[in-house]
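Me: I'd like to learn how to read strand pairing, cores and burial in a model. Could you walk me through one?

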Amino acid sequence: MSVIFQPCDCVYCVKHRFPLLWELEPGVAWFEIPKNGSFSVKEKYPKRILISGDAYSDQYSLDRDARCIVVLRDPVDRFLSMYRHYFMATGARFKAGARFMGRINLIGGDRLQSVIDNLHELSTAEEVHHFRPQCSFVDRVAHYRYQLIGMSGLSKLLGVDRLNTTDGASATISSDQVAQIKTIYRSDYEFFDEFNFSA
Ligand SMILES: [Zn+2]
């Protein structure tokens, strides 16, 4: 099962083009991956400079030795967090999730399974870019000096105890569904393997 996600023309994607690389401070840069603590990073570094990702960033260049932080989460955890965010009544984006369920007739039955089966239907209205694999937010062509860190590493970097990554109640998930999600996000696991990273 491979999912082709629809293009996203949300306000953010129209303004910027992923992958987005920001210089946080001299010698330290960061690839913005939605839902991976990006809000907290932005809060901590309000004066960050956009290095790549839009038409105006060409005038800046990154120091060759700069390390580029990539914050990664376990793909199943991340997916479930997104699921809660959009598709459970306590989630912050439940309105958009409910509209989506109405639009494509996902009423009743196993909601999580319906969402997994219909990821290709997600569109700009749901800001589908949030659901793309994490590795798609990293520029692999430029061969930066990557530093892969997990969410606990990010907490340490930001000097906070723990980042709030939960969004309401937990979802019940079967081992079959875990396997399906792992297949959908196979590229992320390959990316992890390439760097000997475990989330
Ligand atoms: Zn978008």
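**Strands, cores and a loop residue**

Reply: Let's begin with one pair of residues: Glu 23 sits opposite Ile 49 in S3. Keep in mind that this is a predicted model.

Me: How many bridges join S1 to strand S3, and in which sense do they run?

Reply: Strand S3 covers residues 49–52, and 3 bridges join S1 to it, with the two running antiparallel. S1 also pairs with S2, again in the antiparallel sense, over 4 bridges. There, Leu 21 has Phe 31 in S2 as its bridge partner.

Me: Which residue takes a positive phi in the hairpin of S1 and S2?

Reply: That's Gly 27, with phi near 85 degrees; the hairpin has 2 residues between the strands.

Me: Now the cores. Which residues touch the most other members of the largest nonpolar core?

Reply: Look for buried nonpolar residues linked through C-beta atoms within 7 Å. The largest such core has 24 residues, and Leu 21, Ala 29, Phe 31 and Cys 68 touch the most other members. Strands S1 (21–25), S2 (28–31) and S4 (67–71) and helix H6 (151–158) each supply at least two of its residues. A second, separate core has 16 residues, including Tyr 86, Phe 100, Leu 112 and Ile 184.

Me: And what does Leu 21 contact beyond its neighbours within four places in sequence?

Reply: Its contacts include Ala 29, Phe 31, Ile 51, Cys 68 and Asp 139.

Me: Last one: why is Asn 118 classed as partly exposed?

Reply: Count C-beta atoms within 10 Å: 20 or more means buried, 12 or fewer exposed. Asn 118 is partly exposed because it has 15 others in that range. Asn 118 lies in the loop between helix H5 (111–117) and strand S5 (145–149). Leaving aside neighbours within four places in sequence, Asn 118 contacts Ile 104 and Leu 106.

Technical notes. Residues are numbered from 1 along each chain as its sequence is written. This is a predicted model: local features need pLDDT of at least 70, side-chain atom pairs count only at pLDDT 80 or more; totals for chains, interfaces and linings use all residues. Two residues are in contact if their C-beta atoms, placed from the backbone, lie within 7 Å. Two strands pair if DSSP finds at least two bridges between them.
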